[in-house]
Amino acid sequence: MKFFIDTADLSEIKDLADTGLLDGVTTNPSLVAKSGRDFVQLVREICDVVPGPVSAEVASTDFDSMLAEGKYLATLAPNVAVKVPLTPAGLKVCKTLSDAGTMVNVTLCFSAAQALLAAKAGATFISPFVGRLDDVGQNGMELIADICTIYAQYPNLDTEVLVASIRNPIHIIEAAKMGAHVATMPPSVLRQLYQHPLTDKGLAQFVADWAKTGQSILPKS
Ligand code: E4P
């Protein structure tokens, strides 16, 4: 499973890229607004830090404007994935851009039918939002299971399931069990993945016991 980070905070991106475990970045207009940064400059900087796909979302909602914005965003760096909303116009833009060889992430997916449409439109990634479904009393992970099952029926389909709106590590573990290709998560959730109290306790014990040996592993210079 690939790990993307869902943030527009460049210092967080740099910090987590340093782990060597980061495969890409997703942003959205809300995250960009929160960052207070110039969007185009920010996308350039993120693309310099992370070589994997960096999702940059169009701001307009009509076909012509979305296409123009998407084409422009795609010129910023070779690893830009243009993010478009799952609307009829958005999917038309998806088809046009993906036919031209641009990576496209179709966002705001809340049903299996929508995911099927996005795949037909040539999406590189489909982003079903699990947390937002959970928030309204629907089971977000059931949607991931449905999409993974449907996509698996068509081995030639290239669209990757990018699980979005992740709120906790359980979302990621469940998505991995289902074979979802990518999980995009807030930095806090990525850090949570490392944690287990028994790891901390065990390490403290090993460090203390090693000190009793009085040894060092590396030869003294
Ligand atoms: C994904 O691309 C979206 O930016 C994101 O996962 C939305 O998450 P939220 O529901 O926490 O805002």
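Let me begin with the residue that UniProt, in an unreviewed entry, lists under "active site", namely Lys83. Please keep in mind throughout that what we have here is a predicted model. In this model Lys83 sits in strand S4, and because 26 C-beta neighbours fall inside 10 Å, where 20 or more are needed, Lys83 counts as buried. If we set aside the neighbours within four places in sequence, the contacts of Lys83 are Ser55, Ala56, Glu57 and Val58, together with Asn105 and Thr107.

One of those contacts, Thr107, brings us to the ligand, since Thr107 also belongs to the set of residues surrounding the ligand. The others in that set are Asp6, Thr26, Asn28, Ser127, Phe129, Gly131, Arg132, Ala164, Ser165 and Thr184. How does this shell divide into nonpolar, polar and charged residues? Seven of its residues are polar, two are nonpolar and two are charged.

Let me step back to the whole chain for a moment. The protein chain has 221 residues, of which 34% count as buried, and its secondary structure comes to eleven helices and eight strands. The C-alpha trace spans about 70 × 35 × 35 Å along its principal axes. If we take the contacts between residues at least 6 apart in sequence, 54% of them join residues at least 24 apart.

I would now like to walk through the elements on either side of S4, starting with helix H4, residues 63-76. The end C-alpha atoms of H4 are 20 Å apart, which agrees with the 20 Å that its 14 residues should span at 1.5 Å a residue. Its buried residues are Met66, Gly70 and Leu73, and these cover an arc of only 65 degrees around the axis, so they lie on the same side of H4. The face turned away from that buried side carries the exposed residues Asp64 and Thr75. As for what covers the buried residues of H4, the list includes helix H3 (39-49), strand S3 (54-57), S4 and H5.

Between H4 and S4 there is a loop, and Asn79 lies in it. With 17 C-beta neighbours inside 10 Å, Asn79 counts as partly exposed. Which residues does Asn79 contact, leaving aside its neighbours within four places in sequence? They are Cys47, Pro51, Gly52, Pro53 and Val54. For the last of these, Val54, the separation from Asn79 is 25 residues in sequence, while the C-alpha to C-alpha distance is 6.1 Å.

That leaves helix H5, which runs over residues 88-99, has twelve residues, and reaches 17 Å from its first C-alpha to its last, close to the 16 Å expected at 1.5 Å a residue. Gly90, Leu91, Val93, Cys94 and Leu97 are its buried residues. Viewed down the axis of H5, they fall within an arc of 155 degrees, and therefore they line one face of the helix. Pro88 and Asp99, both exposed, are carried on the face turned away from the buried side. The elements covering the buried residues of H5 include H4 and S4, and also strand S5 (103-109) and helix H6 (112-120). After H5 comes Gly101, which has a positive phi, near 95 degrees.

To bring the pieces together, S4, the strand that holds Lys83, is among the elements covering the buried residues of H4, and S4 is also among those covering the buried residues of H5.

How values were computed. Residues numbered from 1 in each chain as written. Predicted model: local features only at pLDDT ≥ 70, side-chain atom pairs only at ≥ 80, totals over all residues. Helix = DSSP H or I, 4+ residues; strand = E, 2+ residues; numbered from the N terminus. Expected span 1.5 Å × (residues − 1). Buried ≥ 20, exposed ≤ 12 C-beta atoms within 10 Å, placed from the backbone. Arc of directions from axis to C-beta. Contact = placed C-beta atoms within 7 Å. UniProt positions renumbered as here; feature names shortened; annotations may be inferred. Near = placed C-beta within 6 Å. Nonpolar A, V, L, I, M, F, W, Y, C, P; charged D, E, K, R; others polar.
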